[in-house]
Amino acid sequence: MAKTKKEEKKHIPVVTPTSLRFFEAYINNPSPTGFEWSGQRLWLDYLKPYVDETFTDHYGTAVAVINPKAAFKVVIEAHADEISWFVNYITKDGLIYVIRNGGSDHQIAPSKRVNIHTDKGVVKAVFGWPAIHTRSGEKEEHPTLKNIFLDCGCTSKEEVEELGIHVGCVVTYEDEFMVLNDRYYVGRALDNRAGGFIVAEVARLLKEKKKKLPFGLYIVNSVQEEIGLRGAEMIAQRIKPNLAVVTDVTHDTQTPMINKVTQGDLACGKGPVVSYAPSVQINFNKLLIDTALKKGIPFQRQASSRWTGTDTDAFAYSNEGVPSVLISLPLRYMHTTVEMIHKEDVDNVIRLIYETLLVIESGQDFRTFAY
């Protein structure tokens with residue numbers, strides 16, 4: 001029987017106009033893998049009023065801490081880096097070929113505007129592509145890493161180099177944040193700066209609601225996830241946490257050309273996604289689910305087979321084993337410049353992490369049995 005309007009649970013908004021302004025600025029700021037520093041500064045500046053101390057490591061992972069002297073340590077974590085490109089070859093005619101920095105999708109590249117980051121500043125360029133008129137009657141060539149190229153308006157290699165462009169310069173798309181139909185946040189790098197925003201909002205809620213935790217809380221924004229969970233591996237060894245709550249994105253599977261049989265049945269707007277995988281500690285996961293049920297937070301379930309492919313795996317298998325859970329945010333069009341997440345899902349992921357922290361006990365043991 002369908003629920004009446006009175007019976008339907010009312011959504012509890014969390015994101016404020018002030019925090020949304022930060023989110024927009026944070027998404028619009030480029031933070032490619034290996035070059036995350038400017039975004040990390042923005043993130044730490046936003047967090048400073050809500051935490052006791054902050055620090056960074058040599059590669060740029062940023063950490064904000066509440067109760068830094070506590071012996072029991074809980075991490076809430078996201079990753080900061082976005083996919084991008086590296087300049088790989090400059091032709092004598094001034095065209096630029098690229099290679100991936102992370103899982104960049106070559107099929108979306110043609111006609112995209114980009115920023116080439118140099119020591120002299122940002123240089124504008126475009127991914128060129130032959131006009132449809134010139135391809136008439138011939139077999140269509142699809143975009144590949146071998147044929148996509150950048151045009152920055154130069155006609156020689158020397159002219160390109162005079163702009164400060166060299167092999168190894170990083171390239172990002174310039175597409176920016178927007179709100180679509182008052183329902184979705186849209187932009188590039190929502191994977192996973194949306195997660196960085198979420199864990200920062202958890203810290204804000206704890207401060208504003210004057211909640212005192214019986215453990216040290218480490219709010220972590222890791223670098224280099226897109227090329228193998230590297231930042232999480234490094235910071236896990238430094239912090240040596242007792243527990244880890246990781247948040248990342250996962251696929252909304254409701255759009256065309258996605259197979260639910262292999263990818264699962266997940267949708268934006270239906271709540272956070274709780275994962276099942278060997279790296280997800282079973283009893284910690286039960287606490288997460290029990291919390292969602294008790295607090296009326298909608299959630300979905302996902303099976304992740306041998307690994308999650310997220311920083312959960314890095315934390316779980318560090319330091320002789322760290323009980324870890326993964327809370328995912330459903331997202332459409334991953335690794336494009338129009339990634340989409342539902343506003344209510346963002347609120348509910350924040351709520352789920354926040355409420356879970358309030359029921360974790362210092363020294364809590366999640367073993368099923370112990371001898």
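Let me begin with one pair of residues, Val-126 and its bridge partner in S8, which is Asp-151, and let me say at once that what we are looking at is a predicted model. That pair belongs to a wider contact, since strand S7 and strand S8, the latter covering residues 149–151, run antiparallel and are joined by three bridges.

Staying with S7, which spans residues 121–128, we can turn to strand S6, residues 113–118, where six bridges join the two strands, again in an antiparallel arrangement. Within this pairing, Val-122 in S7 has His-117 standing opposite, and the connection from S6 to S7 is a hairpin that passes through two residues.

Now to the pockets. The largest pocket has a volume of about 520 Å³, and among the 26 residues that line it, those nearest its centre are Val-249, His-251, Thr-308, Gly-309 and Thr-310. Which element gives the most to this lining? It is strand S13, with four residues, while helix H6 (260–263), strand S15 (300–303) and strand S16 (324–331), like S13 (243–251) itself, each supply at least two. If we sort the lining of the largest pocket by class, we find 15 polar residues, seven nonpolar and four charged.

The second largest pocket, finally, has a volume of about 320 Å³. It is lined by 13 residues, and Thr-255, Ile-258, Tyr-333, Met-334 and Thr-336 are the ones closest to its centre. The lining of this second largest pocket comprises six nonpolar, four polar and three charged residues.

Notes
Residues are numbered from 1 along each chain as its sequence is written. This is a predicted model: local features need pLDDT of at least 70, side-chain atom pairs count only at pLDDT 80 or more; totals for chains, interfaces and linings use all residues. Side-chain values use heavy atoms; hydrogens and water are left out. Two strands pair if DSSP finds at least two bridges between them. On a 1 Å grid over the protein atoms alone, a cavity is a set of points where a 1.4 Å probe fits but cannot get out, and a pocket is an open set with protein on both sides within 12 Å along at least five of seven lines; lining residues have an atom within 4 Å of a point. Grid points are joined across faces, edges and corners, and a volume is the space filled by probe spheres set on the points. Ala, Val, Leu, Ile, Met, Phe, Trp, Tyr, Cys and Pro count as nonpolar, Asp, Glu, Lys and Arg as charged, and the others, Gly among them, as polar.
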